[in-house]
Amino acid sequence: MEVGSTVSAVRSKRVLVGEEVRPAVVLINDGKIQSILSDGNFSGDAACEVLDVGDSVVMPGIVDCHVHVNEPGRTTWEGFWTATRAAAAGGVTTIVDMPLNSIPPTTTLDHFHQKRREAAGKCFVDTAFWGGVIPGNQSELRPMIQAGVAGFKCFLIHSGVEEFPHVTDCDLHAAMKQLQGTGSVLLFHAETEVPQTAEEIGDPSQYSTFLQSRPDAMEMEAIRTVTSLCLQYRVRCHIVHLSSAEPLSLIQDARRAGAPLTVETTHHYLSLSAESIPAGATQFKCCPPIRGHANQERLWSALKDGLIDMVVSDHSPCTPELKELSSGDFTQAWGGISSLQFGLSLFWSSASRRGFALPDVVKLLSQRTAQLCRLDDRKGNLLPGYDADLVVWDPEREFEVKETNIHHKNKLTPYLGLTLQGVVSVTILRGRIVYRDGSFSAEPLGKHLLIPPHKHQL
């Protein structure tokens with residue numbers, strides 16, 4: 001069956017139905033899942049286009065709700081065409097684009113419309129959009145909600161780009177007042193400046209020098225602010241890319257007090273550790289930073305215990321020059337890691353050795369991410385009426401990450417040369433094959449996903 005084809009049914013000996021993996025046939029009609037039948041109860045007619053994938057696993061497509069596409073304005077870094085092709089190759093059927101590092105950022109209604117115009121006709125997977133909260137734009141928030149953004153992101157520390165300044169306490173209170181009653185969500189880059197002891201500045205090519213400049217306390221203090229605001233306003237709040245395990249008790253206490261608070265971590269914090277980062281290897285730099293192995297083990301425990309809700313890529317690419325590879329200077333290099341295409345394999349490579357099973361993968365990489373963006377009425381589940389977004393993959397097969405199999409625009413990633421477990425063979429978007437064994441549909445088949453305003457809002 002060719003890429004771009006419409007599929008009427010997908011048959012496998014391993015379909016994830018609820019919490020159970022079993023032989024089944026997923027019937028598809030008009031881009032939606034019509035029903036899921038046991039294999040013995042299926043008798044397809046001659047006109048039924050059946051994709052039989054043997055014993056490959058069939059499960060809901062990944063929903064990656066933290067992706068920096070950077071278009072318009074920084075298309076040398078990435079763009080919708082390359083980002084969404086990379087997503088499709090990794091079994092990701094929905095991405096949610098961050099409001100930065102595009103120029104302009106998605107901080108006004110006009111900028112949102114501009115971004116949608118730029119993305120039109122370029123998306124190989126379905127795409128939703130976050131808006132941004134910056135100083136002084138609180139009057140733009142409700143119009144953007146009405147226009148269909150999934151929610152908003154803010155920074156409590158310099159964002160790295162001048163056009164997306166971080167917010168003050170005053171800005172936060174103004175934004176929270178606008179968001180009350182809307183059902184929307186505010187995402188926080190949760191680091192803030194803290195007093196640091198005056199120490200001699202170390203070698204900038206050593207990762208330890210950079211790590212010491214972003215201590216756990218920066219996340220602790222920021223999350224203290226987030227939990228306080230969440231409890232005061234009872235607006236949904238979400239902590240992006242949690243790196244430090246230290247604030248976990250703060251998060252737990254706030255939830256017990258009734259805070260509508262969710263938390264994500266990323267594949268790089270679960271897969272990489274500070275001890276193994278070589279000198280000058282600036283492709284490992286991100287903010288907040290990759291921390292030590294003991295911290296990583298605590299993140300895995302929190303994930304298993306349900307204290308961390310979901311896992312995302314935080315795909316944040318740039319051009320190789322901005323990584324300062326020639327000098328290896330961690331203090332000057334751009335902070336961001338490219339991994340959109342490899343999230344499923346990265347997660348499974350580590351999670352499968354830690355007692356996580358396939359239903360856990362769906363919960364953490366599809367269902368909960370869809371819930372955050374209020375897409376859980378159509379994405380993240382194999383259920384009748386849901387979009388027929390499927391990933392077909394082999395959890396036992398391994399592959400090596402090479403430049404030749406990377407579909408991101410810029411191939412620099414800390415995962416180059418690694419052998420990962422879990423090979424995606426087919427990605428199906430609303431019943432059509434968008435990716436199969438290295439080939440893509442001739443034309444982009446993705447749609448823009450606009451989130452309808454909350455029924456009781458405004």
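The exchange below concerns pockets and salt bridges in a predicted model.

Colleague: Which elements give two or more residues to the lining of the largest pocket?
Modeller: The largest pocket has a volume of about 590 Å³, and its lining is made up of 28 residues, with S159, G160, R214, C287 and G335 lying nearest its centre. The elements that give two or more residues to this lining are β10 (152-155) and α5 (207-213).

Colleague: From which element does the largest share of the lining of the second largest pocket come?
Modeller: The second largest pocket holds about 330 Å³ of space, and of the 17 residues lining it, A89, F399, V423, V424 and Y435 are the closest to its centre. Two or more residues are given to that lining by α10 (343-351), β15 (390-400) and β16 (419-429). The largest share, 4 residues, comes from β16.

Colleague: In the salt bridge between K32 and D387, which partner counts as buried?
Modeller: The side chains of K32 and D387 meet at 2.6 Å, N to O, and the pair links strand β3 with the loop between α11 and β15, 355 residues apart. K32 has a relative accessible area of 32% and is therefore partly exposed. Buried means under 20%, so at 7% the buried partner is D387.

Colleague: How many residues apart in sequence are the parts that E297 and R354 tie together?
Modeller: E297 forms a salt bridge with R354, with the closest N and O atoms 3.0 Å apart. Because E297 lies in helix α9 and R354 in the loop between α10 and α11, the pair ties together parts whose separation in sequence is 57 residues.

Definitions and conventions. Residues numbered from 1 in each chain as written. Predicted model: local features only at pLDDT ≥ 70, side-chain atom pairs only at ≥ 80, totals over all residues. Heavy atoms only, no water. 1 Å grid on protein atoms, 1.4 Å probe; cavity = no way out; pocket = protein on both sides within 12 Å on 5 of 7 lines; lining within 4 Å. Points joined across faces, edges and corners; volume = space filled by probe spheres on them. Salt bridge = Lys/Arg side-chain N within 4 Å of Asp/Glu carboxyl O. Buried < 20%, exposed > 50% of the residue type's maximum accessible area, 1.4 Å probe, protein only.
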